[in-house]
Amino acid sequence: MTAQRLIITAITTLCLLCGGSALAQRRINPVVPPPPTAGTKKDTKPVEFDKSRLAETRDSKGNIVLVDTVTGSEYVDTTGLAAPVGNIYPLLHAVTVGVDIWDPAMRIIGQEYGGIGFWGEVSLHNRFKPVFEFGLSSADIRPDDLNYTFKSPMAPYFKIGMNYNIFYNSNPDYQLLFGVRYAFTPFSFSVENIASGNGYWDNPPFNIPDQSTTAGYFEFVASIKVKIYRNISLGWQLRYHSLIHEGKCEYGKPMYIPGFGKRGTPIGGGFSVMYTLPLNKKSSPKVNTGEGVTDGAQH
């Protein structure tokens, strides 16, 4: 009986040593429970693991990772050894300003309307992002096979809203955002060179004079942000917008609305160049990006 106990003890000890060695070589252990600091005795409860030697960090998906400061092993926490996932970035995390160059680029290749937009946002916990946009836009449109020209001189538009970053506990250099906007614009328009007649009895063209009006609309926005160099990032936006209200016009509704686009076109796009100024840089957490643990602050 004594020999059997010695053999079982030897086999158990060998398995624990092999298992501990393999565990230390693994970067992440999805099984979670770390090895006990001491063995167990017959008819006694297992000794609790010493939590004081665990250092907490997070991986690129926001999962809590516990690092054993003695062995260097890492463990994904699913047992409540650490606090639940929350906002790991400070309240005032960053300020970003950007310029939307989509319409200027489109006008270069022949688009008959558009302008330029400037915007700024404040990052709260790298999660909620209040945003304000100001832009200028104009139009000079002659529809194909129609007998008039629609013109709208340069006019301002204003947008206010909020973005939400889906990956708020991940590396802030790469973001996927969804947001809403309310937009308002005061503008004027005219219709010129309206030709009438049947091709035989031609009448001279005439104009509809300038009309001043306003319009308000909302937008749903989906966008991505990617850092390309230091504090410079690029962003792509997809917008769905719809009119909420507009002023009455004596001679009909405008074909184009600043910041919105052509009437009857609910989908729009954008491309922005951005500069981000980090705030509370010293308090930014460490984030595991998959290539090692890095500072969560933007540079």
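# Briefing: salt bridges, rings and a nonpolar patch

Glu219 pairs up with Lys159 in a salt bridge, and their closest N and O atoms sit 3.0 Å apart. Since Glu219 belongs to strand 9 and Lys159 to strand 7 (residues 149-165), the pair ties together parts that are 60 residues apart in sequence. Keep in mind that this is a predicted model. Strand 9 (203-229) comes up again and again below, and one of its other roles is to supply at least two residues of a nonpolar surface patch.

**Salt bridges**

- The structure has six salt bridges in total.
- Both partners of the opening pair are tucked away: Glu219 is buried at a relative accessible area of 1%, and Lys159 is buried too, at 2%.
- Glu219 has another partner in Arg239, with a salt bridge of 4.0 Å from N to O. Arg239 sits in strand 10 (residues 232-246) and Glu219 in strand 9, so this pair ties together parts that are 20 residues apart in sequence.
- As for burial, Arg239 and Glu219 are both buried.
- Zoom out a little and you get a network of salt bridges that links Asp100, Lys159, Glu219 and Arg239.
- Lys227 and Asp173 also meet through their side chains in a salt bridge, at 3.3 Å from N to O. Lys227 is in strand 9 while Asp173 is in the loop between strand 7 and strand 8, so parts that are 54 residues apart in sequence get tied together.
- This pair has a mixed setting: Lys227 is partly exposed, with a relative accessible area of 23%, whereas Asp173 is buried at 11%.

**Aromatic rings**

- A search of the whole structure turns up nine aromatic pairs.
- Take Tyr217 and Phe260: their ring centres are 5.1 Å apart and their planes are at 80°, so the pair counts as edge-to-face. Tyr217 is in strand 9 and Phe260 in the loop between strand 11 (256-257) and strand 12 (261-262), so the pair ties together parts that are 43 residues apart in sequence.
- Both of these rings belong to buried residues, with Tyr217 at 0% relative accessibility and Phe260 at 10%.
- Elsewhere, Phe128, Tyr164 and Tyr168 form one aromatic cluster.
- Tyr168 has a charged visitor as well: the charged end of Arg127 sits over the Tyr168 ring, 3.9 Å from its centre.

**Buried polar side chains**

- Gln175 lies in strand 8 (residues 174-196) and is buried, with a relative accessible area of 4%.
- The side chain of Gln175 makes a polar contact with the side chain of Asn126, at 3.5 Å.
- Gln175 and Lys225 are 50 residues apart along the chain, yet their C-alpha atoms are separated by 5.0 Å.
- Thr276 is part of strand 13 and is buried, at 3% relative accessibility.
- Side chain to side chain, Thr276 makes a polar contact with Thr96 at 3.0 Å.

**Nonpolar surface patch**

- Val97, Ile101, Ile228, Tyr229, Ile232, Val273, Tyr275 and Leu277 make a nonpolar surface patch of about 690 Å².
- Strand 9 and strand 13 (267-278) each put in at least two residues, and strand 13 gives the most, with three.
- Ile228, one of the patch residues, has its place in strand 9.

**One more spot on strand 9**

- Ala215 is also in strand 9, and at a relative accessible area of 1% this residue is buried.
- Ala215 and Tyr157 are 58 residues apart in sequence, and their C-alpha atoms are 9.5 Å apart in space.

Notes: Residues numbered from 1 in each chain as written. Predicted model: local features only at pLDDT ≥ 70, side-chain atom pairs only at ≥ 80, totals over all residues. Heavy atoms only, no water. Patch = residues over 30% accessible without salt bridge, like charges linked within 9 Å, V, L, I, M, F, W, Y side chains within 5 Å. Areas by Shrake-Rupley, 256 points an atom, 1.4 Å probe, with all protein chains shown as cover. Helix = DSSP H or I, 4+ residues; strand = E, 2+ residues; numbered from the N terminus. Buried < 20%, exposed > 50% of the residue type's maximum accessible area, 1.4 Å probe, protein only. Polar contact = N/O pair within 3.5 Å; in protein donor to acceptor, adjacent residues only side chain to side chain. Phe/Tyr/Trp six-rings, centres within 6.5 Å; stacked < 30°, edge-to-face > 60°. Lys NZ or Arg CZ within 6 Å of the ring centre and 35° of its normal.
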